[in-house]
Every structure is written in C-alpha cells, then in structure tokens.
Amino acid sequence: MYAETPFHTPFAVPFEHRLLITRNALDPANAILAETLDPTTADAAKARVAFILDAGLVNAQPDLPDRAVAYANAHESIHLAHDPVTMPGGEIAKNEPAILESTLRLIDAAHLCRRSYLIAVGGGALLDLAGYAAAIAHRGIRLVRLPSTTLAQDDSGVGVKNGINHFGKKNFLGAFAVPHAVINDLDLLTTLTDRDWTSGFSEAVKVALVKDAAFFDRIESAAAAIAARDLTAAEPVIRDSALLHLRHITEGGDPFELTEARPLDFGHWSAHKLEQLSGYELRHGEAVAIGVALDTLYSSLAGDLPDPDADRVLATLRSLGFTLDHPLLDDPRLIEGLEEFREHLGGQLTISLLHGIGNAYDTHTINLDLVRQSIARLRS
Ligand SMILES: NC(=O)c1ccc[n+]([C@@H]2O[C@H](COP(=O)([O-])OP(=O)(O)OC[C@H]3O[C@@H](n4cnc5c(N)ncnc54)[C@H](O)[C@@H]3O)[C@@H](O)[C@H]2O)c1
Ligand SMILES: [Zn+2]
C-alpha cells in the first residue's frame, strides 16, 4: 500500500466575461469604462489604473494619451497611478523581450496590485503582450482591453488567452487569463491602414464557417461595403464575430482548451507557419485568410464540402480585400506547421475541416497529397 485513499476533489471557479460595445469609450462623458472598475481598496473607493497604449495607434491618434489622462481625471472613481505609457505595437511587441520587461516595469512603477487595473489600448499584438505581463505580475493583476483593430475587436481581444513569441515560435509563452473587461469602441478603428482594417475580417469568416451559416451569408453580402470601409456595414459583422467567439468561450464547455478540439483555430495551422516564415511581414489576419482558403479547398478536395460552397468562401475573402496566393505556400517548411500546431495545442493532431458552410468537423489525419493539391489550386 503506497497511498491512502486519494483526496481528489473537483472544484469550479466562477468567471464572468464582460464585453461592452460602445462608441468613444474615452470621452469623459462616457461612463462605461469607469463603471466597469471596482475600487482597489474599499476605503479609498478609487480604482488604481495605468494605461498602456499601442504606439501605432498613438501615432495615428496623437491625442490618445491626453484623452486617457482627461478620462481618468474626469472620473472620481479612478486613480491614475502612472502617466500613460506607449509601447511598440505590431508583432515586435511579442517578439522583443525588452518590451515585456518595460511593461512589467510599468506595472511595478505604478504599484499596481492584484486589485488594480492595467488598461491596454491597442491591436491584438499589444493586447497579447499586455495580457501576458498582467497575467504574470503578482500572479495576475486585472486587465481591461480596449482593442483598436478589427481583428482584436472581432476575435483576439474577446478571448481568454495572451502570449508572446519565443524560440521563434508563436505564442510559446503565454497564459489563459480571463480579462476583467473588454470594451469594443468602433471609433478607435477609423485610423487603421487599409491593410489592418481588412485583416480582421478573416477571423469573422472563420468563425462563421465553423459555427453559423447565416452569419456567413451576411458577411458575403456586406463584403464589398466592408472593403470600402463602410463602418455601418462593418459594425454588425465585428459585433457578431465577437459574440460568436464569446459564446464559444463561455458556453462551449472548454474555455481553457483542455481538449484537442479547437474549431476557432480553423485555418490556423498553416496561418501560424506562414506568419513565421514571412518574418511576420504577413499580418495574422492575412495569414488566416490564406489558411482558411487552404483548408476550405482541402475540405472540398477531400469530398466533404461542395465545390460551389468552396467557391463562395474564396470569393468572399477576395471581395473583402484579401490576397489568397502567396509564394511561401510553396515553401516545403509550411508542412512543419502541422506538427508545430499539434505540439502547441497538445495531444493528438486535431484539425477542423468543413462538411458545409457553418458545419465543421474534426479530423486527426491530414493527407499531404491533398494539402499539396489545395496549395496548387490556391496558387493558380
Ligand atoms: N490571444 C488570442 O486569442 C489571439 C487571437 C488571434 C490573434 N492574436 C494575435 O493578435 C496579433 C494580431 O493582431 P492585429 O491584427 O490586431 O494586429 P497588430 O496588433 O499587429 O496591429 C497591426 C498594426 O496596427 C497598428 N494599430 C493598432 N490599432 C491602430 C489604429 N486604431 N489605428 C492605426 N494603427 C493601429 C499597430 O501599431 C500595428 O502596427 C497576432 O500576434 C496574433 O497572434 C491573438
Ligand atoms: Zn487567429
């Protein structure tokens, strides 16, 4: 007898995911942000906060640091513990260890405790970096995200993951951490470059393909207007994509991805590898558009997805403004993406494919010949 009767005791931790959709979140008259913050100490009745801002966003909206300060000063319930700090945005934020160090220094200098708030305003990369720093400082301080790209508003900012790249691998370091709140502010998106504007809509197409055929129809109809940067056409697509991602996390039964099924990673095995092979010249969303097209073609070549459906998917991605052909598709290292994807997710290789639009299934085997044929189709 080596052990007593085991004391295995299941327990559950309640979480609440707060997603708020607004306009002009940093207008002092807009109380939404202030109202999501609880006082850091009961006696002081103020929330201690520090802002971290994406440099690309600040470059496009130079008054943002002043707006953040004015917002904090206008709200009795906020104690601004440090001047807003601007950090590089884009993938460099996740590639450069010194930027993580500077973010941790900000948390230390502002004396943020586990009941204080780091408020991150920026694209998916800056939010991933800030989220990782918030998750590891004091084993987890509170994070509020104000996503400033289409991709961050319709997908990444809503999620419960963060991470930085290490050993040349995407998101090698990271944690699952539920943000205190996510505030989507459509007005932040107006200064995006056309490239970054388009980029996020591949994630909306992705989630529609695996979850909701009617949503795909709506994206298909709105695609040309979205490409022309019509905010009225884009707004419901961003919102519905965010809500589908949110619902998957809160109702899908596996928020911390303990099982192998990962439908929201449809098209991502090749996307992550293409991003890496391009030295991150390709945006995540651009790579996802190519990856989604590739696995859509694979699904049709495998005899699962009717050809007209595959044609609609590719046409919609192109109409949104994506280029689906890329020379790196011919790079033999692309296939290594399958094994890296398996290793990152753990367990058996599990890839989502399509039976139909809005109807995904999982497979554990990928036929490399069919992958090559799918690439050839995409390249032609
Ligand atoms: N954590 C997750 O669950 C998750 C999910 C999907 C993607 N991601 C990650 O998100 C990252 C991609 O994020 P992204 O597509 O938002 O791009 P990004 O964060 O790389 O930003 C793109 C560029 O836009 C600039 N920018 C941001 N907001 C701006 C604005 N409003 N006006 C002008 N410029 C602005 C940035 O400075 C940057 O140069 C990738 O690292 C990807 O891995 C994470
Ligand atoms: Zn993605």
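Me: Which residues is Leu26 in contact with, leaving aside its neighbours within four places in sequence?
Reply: This is a predicted model. In it, Leu26 sits in the loop between strand 1 (19-22) and helix 1 (32-36). Beyond its sequence neighbours, its contacts are Arg67, Ala68 and Tyr71.

Me: Is Leu26 buried or exposed?
Reply: A residue needs 20 or more other C-beta atoms within 10 Å to be buried. Leu26 has 25 C-beta neighbours inside 10 Å, so Leu26 counts as buried.

Me: What distance in space separates Leu26 and Ser300, C-alpha to C-alpha?
Reply: Start with the sequence: Leu26 and Ser300 are 274 residues apart. In space, C-alpha to C-alpha, the separation is 46 Å.

Me: Is His111 buried or exposed?
Reply: His111 lies in the loop between helix 5 (97-109) and strand 5 (117-122). Its phi is near 50 degrees, a positive value in a residue other than glycine. A count of 12 or fewer C-beta neighbours within 10 Å makes a residue exposed. His111 has 11 inside 10 Å, so the verdict is exposed.

Me: Which strand holds Asn171?
Reply: Asn171 is not a glycine, yet its phi is positive, about 50 degrees. It is partly exposed, because 16 other C-beta atoms lie within 10 Å. Its place is in strand 8 (residues 169-173), so the name to note, alongside that partly exposed state, is strand 8.

Me: Which residues does Asp155 touch, not counting residues up to four places away in sequence?
Reply: Asp155 lies in the loop between helix 7 (150-154) and strand 7 (164-166). With 28 C-beta neighbours inside 10 Å, it counts as buried. Outside the excluded sequence neighbours, it touches Gly200, Glu203, Ser241 and His245.

Me: What distance separates the C-alpha atoms of Asp155 and His245?
Reply: Along the chain, Asp155 and His245 are 90 residues apart. They also touch. Their C-alpha atoms are separated by 6.3 Å.

Me: Are helix 9 and helix 11 parallel, perpendicular or oblique to each other?
Reply: Helix 9 (residues 201-211) and helix 11 (residues 231-251) pack with their axes 9 Å apart, at an angle of about 55 degrees. Angles under 35 degrees count as roughly parallel, and 65 to 115 as roughly perpendicular. The two helices are therefore oblique.

Me: How many nonpolar residues are in the contact of helix 9 with helix 11?
Reply: Phe201, Glu203, Ala204, Val207 and Lys211 in helix 9 meet Val237, Ser241, Leu244 and His245 in helix 11. By class, this contact has two polar and two charged residues, and its nonpolar residues number five.

Me: Is the crossing of helix 12 and helix 13 left-handed or right-handed?
Reply: The axes of helix 12 (residues 268-277) and helix 13 come within 7 Å and cross at roughly 140 degrees. The two are therefore oblique to each other. Their crossing is right-handed.

Me: Which residues in helix 13 meet helix 12?
Reply: From helix 12 come His268, Trp269, Ser270, Ala271, Leu274 and Glu275. Their partners in helix 13 are His284, Ala287, Val288, Ile290, Gly291 and Leu294.

Me: How many residues of helix 13 are buried?
Reply: Helix 13 (residues 284-301) has 18 residues. From first C-alpha to last it reaches 25 Å, close to the expected 26 Å. The helix is mostly covered, with a buried count of 17.

Me: Which residue with positive phi follows helix 13?
Reply: Phi is near 85 degrees in the residue that follows helix 13. That residue is Gly303.

Methods. Residues are numbered from 1 along each chain as its sequence is written. Chains are lettered from A and ligands numbered from 1 in the order in which they are written. This is a predicted model: local features need pLDDT of at least 70, side-chain atom pairs count only at pLDDT 80 or more; totals for chains, interfaces and linings use all residues. Helices (H or I, at least four residues) and strands (E, at least two) are DSSP runs, numbered from the N terminus. The expected span of a helix is 1.5 Å times one less than its number of residues. Axes are lines fitted to C-alpha atoms, for helices over the stretch in contact, and angles run from 0 to 180 degrees between N-to-C directions. Angles under 35 degrees count as roughly parallel, over 145 as roughly antiparallel, 65 to 115 as roughly perpendicular and the rest as oblique. Two residues are in contact if their C-beta atoms, placed from the backbone, lie within 7 Å. Ala, Val, Leu, Ile, Met, Phe, Trp, Tyr, Cys and Pro count as nonpolar, Asp, Glu, Lys and Arg as charged, and the others, Gly among them, as polar. A crossing is left-handed if the near helix is turned anticlockwise from the far one by less than a right angle, and right-handed if clockwise.
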